[in-house]
Amino acid sequence: MPFITKSEFKAMKDKIVQKKAKRLENAEFQRQVKYAVGNSHQDASKSSANGPRSPEKAKNAYLSIKRRIGRKGLIKKLDVLFSIWIRMKTKKEYGPMCPLCGKRPLQCCFHFITRSKHSVRWDEANAIGSCHSCNFENEFNQAKFINWYQKRFGLAAWDDLFFKSNQIAKFSTAVLQEKYKELKTLVER
Ligand SMILES: [Zn+2]
């Protein structure tokens, strides 16, 4: 066993305490973000634990998140803001029910093309407010929703979106920050 002085031991202990505090802070941040976005790709049946229903409540939850964060956090915050904005927009255009099924209330932000395609991740043409069930169903029954999209917006609109989704998008942090500001203005006005 190597010999450790009292002060070295104290420094180590402080470091562990700091790490733990940071971890807790992170977990709390993640929890708040999750609550605000109200979005789950995992399990539609657990939707009750997934945060506020109405866009107004989601907006308030979002506004209570204070922490400053880096690029990864910026993307997360953009996702949250975008989700809120899309739900607000959908509510205005279609009313409070999910426009995809018409059966359940708006609960999250639905992407017709996966968010992993960054070029259309924050594209209004690629998103609509939906219920958790439809969002979950899209994981294994995408054709149904592509069909809905084509009927609602036309084949050309779908082709445009599909083409755009296959473009490689490399957003600089500055561009992301600009997007964030734009969305913030939209959501807060
Ligand atoms: Zn639905």
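**Exercise 1. State what share of the contacts with a separation of 6 or more joins residues 24 or more positions apart, and describe the chain's secondary structure.**

Solution. In this predicted model, 69% of the contacts in the chain with a separation of 6 or more are between residues 24 or more positions apart. The secondary structure consists of seven helices and two strands. Along the sequence these follow the pattern α-α-α-β-β-α-α-α-α. Of the 189 residues in the chain, 26% are buried.

**Exercise 2. Determine how the axes of α2 and α3 are oriented, and list the residues by which these helices meet.**

Solution. Step 1, the geometry. Helix α2 covers residues 55–63 and helix α3 covers residues 71–94; their axes come within 9 Å and cross at roughly 155°. Because angles over 145 degrees count as roughly antiparallel, α2 is roughly antiparallel to α3. The crossing of α2 and α3 is left-handed.

Step 2, the residues. On the α2 side the contact involves P55, A58, K59 and Y62, and on the α3 side V80, L81, I84, R87, M88 and K91.

Step 3, the classes. The contact of α2 with α3 has seven nonpolar residues, three charged residues and no polar ones.

**Exercise 3. Determine how the axes of α3 and α7 are oriented, and give the composition of their contact by class.**

Solution. Step 1, the geometry. The axes of α3 and helix α7 (residues 173–188) come within 9 Å and cross at roughly 30°. Angles under 35 degrees count as roughly parallel, so α3 and α7 are roughly parallel to each other. This crossing, too, is left-handed.

Step 2, the residues. From α3, the residues that meet α7 are R71, L74, I75, K77, L78, L81, F82, I84, W85 and M88. Their counterparts in α7 are T173, L176, Q177, K179, Y180, L183, K184, L186 and V187.

Step 3, the classes. The contact of α3 with α7 comprises 13 nonpolar, two polar and four charged residues.

**Exercise 4. Classify the crossing of α5 and α6, and name the residues that make the contact.**

Solution. Step 1, the geometry. Helix α5 (residues 142–153) and helix α6 (residues 155–165) have axes that come within 6 Å and cross at roughly 125°. That makes α5 oblique to α6.

Step 2, the residues. Helix α5 contributes I146, Y149, Q150 and F153, while α6 contributes L155, A157 and W158.

Step 3, the classes. Six nonpolar residues and one polar residue take part in the contact of α5 with α6, with no charged residues.

**Exercise 5. Describe the largest nonpolar core and the elements that supply it.**

Solution. Step 1, the size. The largest nonpolar core has 23 residues, and those with the most contacts inside it are Y62, L81, F82 and F110.

Step 2, the sources. At least two residues of this core come from each of α1 (6–37), α2, α3, β1 (108–111) and β2 (127–130). Helix α3 supplies the largest share, six residues.

Step 3, one member in detail. Neighbours within four places in sequence aside, Y62 is in contact with A36, V80, L81 and I84.

Step 4, the other core. A second, separate core has five residues, among them I113, V120, Y149 and L161.

**Exercise 6. Decide whether F110, R87 and V80 are buried or exposed, and give a partner distant in sequence for each.**

Solution. Step 1, F110. This residue is found in strand β1. F110 has 27 C-beta neighbours inside 10 Å and therefore counts as buried. F110 and I86 are 24 residues apart in sequence, with 8.8 Å between their C-alpha atoms. Beyond neighbours within four places in sequence, the contacts of F110 are L100, A127, I128, G129, S130, C134, N135 and N138.

Step 2, R87. This residue is in helix α3. With 28 C-beta neighbours inside 10 Å, R87 counts as buried. R87 and S54 are 33 residues apart in sequence and 8.2 Å apart from C-alpha to C-alpha. Leaving aside neighbours within four places in sequence, R87 is in contact with P55, A58, L106, C109 and G129.

Step 3, V80. This residue lies in helix α3. V80 has 26 C-beta neighbours inside 10 Å, so V80 counts as buried. V80 and V33 are 47 residues apart along the chain, and their C-alpha atoms are separated by 7.0 Å.

Definitions and conventions. Residues numbered from 1 in each chain as written. Predicted model: local features only at pLDDT ≥ 70, side-chain atom pairs only at ≥ 80, totals over all residues. Axes fitted to C-alpha atoms, helices over the stretch in contact; angles between N-to-C directions. Helix = DSSP H or I, 4+ residues; strand = E, 2+ residues; numbered from the N terminus. Parallel < 35°, antiparallel > 145°, perpendicular 65-115°, else oblique. Contact = placed C-beta atoms within 7 Å. Nonpolar A, V, L, I, M, F, W, Y, C, P; charged D, E, K, R; others polar. Buried ≥ 20, exposed ≤ 12 C-beta atoms within 10 Å, placed from the backbone. Left-handed = near helix turned anticlockwise from the far one by under 90°. Core = buried A, V, L, I, M, F, W, Y, C linked by C-beta atoms within 7 Å.
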